[in-house]
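Reader: Please take one part of this structure and go through it closely, then place it in the rest of the chain. Short sentences, please, and the cut-offs with each term.

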Amino acid sequence: MQRMFFALGVLLGAVLVATGFVLAAWFIFSRAEAEMHLIPDGYVGPVVIAFDREDGEPKKYENKTRIYGIPPNGVLKTRFPKNDGTNHVWKFYYIKADGAKRELPYFLDLRDVPAGNKDAIAIYSLGSMSAPSNRGASDRNLFTYVVGKVSDSKSLIDRQHNIDFSDL
């Protein structure tokens with residue numbers, strides 16, 4: 001009887017250790033890097049970030065945070081790989097020519113936008129995707145979102161959906 005309890009104890013201990021490793025891998029080792037998106041002041045429309053591009057902007061960090069400088073056309077090609085992982089931390093800013101920043105809120109669900117904020121500029125319609133390339137290379141990893149008034153979301157999301165991602 002003692003051997004059976006010992007065997008069950010060893011088995012339970014092994015399961016707990018394995019569970020600990022799985023949880024550590026999930027919550028610690030697979031965290032996405034924090035991101036800061038610097039959007040030209042006044043830009044309205046869809047933004048697309050194309051990852052793993054040899055012709056892309058060099059990787060840039062500030063305090064262990066990825067910096068994405070979005071160009072005036074809204075399409076950033078970067079050498080960064082796709083930011084896989086859990087617990088994404090995103091910060092979005094309008095940036096003026098003098099470097100002054102104004103943080104923009106983002107909404108994963110437009111139903112979460114407070115009623116009085118429908119005409120304020122925000123970030124929404126965030127999504128990661130993979131698209132085939134017209135260049136014969138492997139699929140492109142992309143991240144996209146919309147910058148604009150929530151009251152204009154229908155037309156801006158339509159513009160986002162009409163982008164030919166295979167050209168990026």
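Author: The answer starts with one helix, moves to the sheet it packs on, and ends with a second sheet.

This is a predicted model: local features need pLDDT of at least 70, side-chain atom pairs count only at pLDDT 80 or more, and totals for chains, interfaces and linings use all residues. Residues are numbered from 1 along each chain as its sequence is written, and side-chain values use heavy atoms, with hydrogens and water left out.

The frame first. The chain has two helices and 10 strands. Helices (H or I, at least four residues) and strands (E, at least two) are DSSP runs, numbered from the N terminus. Along the sequence the pattern is α-β-β-β-β-β-β-β-β-β-β-α. Of the 168 residues, 35% are buried. Buried means under 20% relative accessible area, exposed over 50%, and partly exposed in between (1.4 Å probe, protein chains only).

Now the helix. Helix α2 covers residues 153–161, and its buried residues are Ser153, Leu156, Ile157 and Gln160. Down the axis of α2 they fall within an arc of 95°, so they line one face of the helix. That arc is taken from the directions from the helix axis to the C-beta atoms.

What does this face pack against? The buried residues of α2 pack against β2 (45–50), β9 (121–131) and β10 (140–149). Contact here means heavy atoms within 4.5 Å. The helix lies across these three strands and runs at about 160° to β10. Axes are lines fitted to C-alpha atoms, for helices over the stretch in contact, and angles run from 0 to 180 degrees between N-to-C directions.

Asp164 sits in the segment after α2. At 41% relative accessibility, Asp164 counts as partly exposed. Asp164 and Ala131 are 33 residues apart in sequence, yet 9.3 Å apart in space, C-alpha to C-alpha.

Next, the sheet. β2, β9 and β10 belong to an open sheet of five strands, ordered β5-β2-β10-β9-β8, with mixed pairing. Two strands pair if DSSP finds at least two bridges between them. The edges are β5 (75–77) and β8 (106–107); each has a single partner strand, so one side of each is left without a neighbour in the sheet. β8 pairs with β9 in the parallel sense, over two bridges. Phe107 has Tyr124 in β9 as its bridge partner.

The other sheet also has five strands and is open, with the order β3-β4-β1-β6-β7 and mixed pairing. Its edges are β3 (61–62) and β7 (101–104), each with a single partner strand, so one side of each lacks a neighbour in the sheet. β1 (residues 34–40) and β4 pair in the parallel sense over five bridges. Leu38 has Gly69 in β4 as its bridge partner.

One residue of β4 (residues 65–69) is Arg66. Arg66 counts as buried because its relative accessibility is 3%. Its side chain makes a polar contact of 2.6 Å with the side chain of Glu33. A polar contact is a pair of N or O atoms within 3.5 Å; within protein, one must be able to donate a hydrogen and the other to accept it, and residues adjacent in sequence count only if both atoms are side-chain atoms. Not counting residues up to four places away in sequence, Arg66 touches residues including Glu33, Phe51, Tyr61, Phe80 and Asn83.

Last, the chain as a whole. Residues 24 or more positions apart account for 65% of the contacts with a separation of 6 or more.
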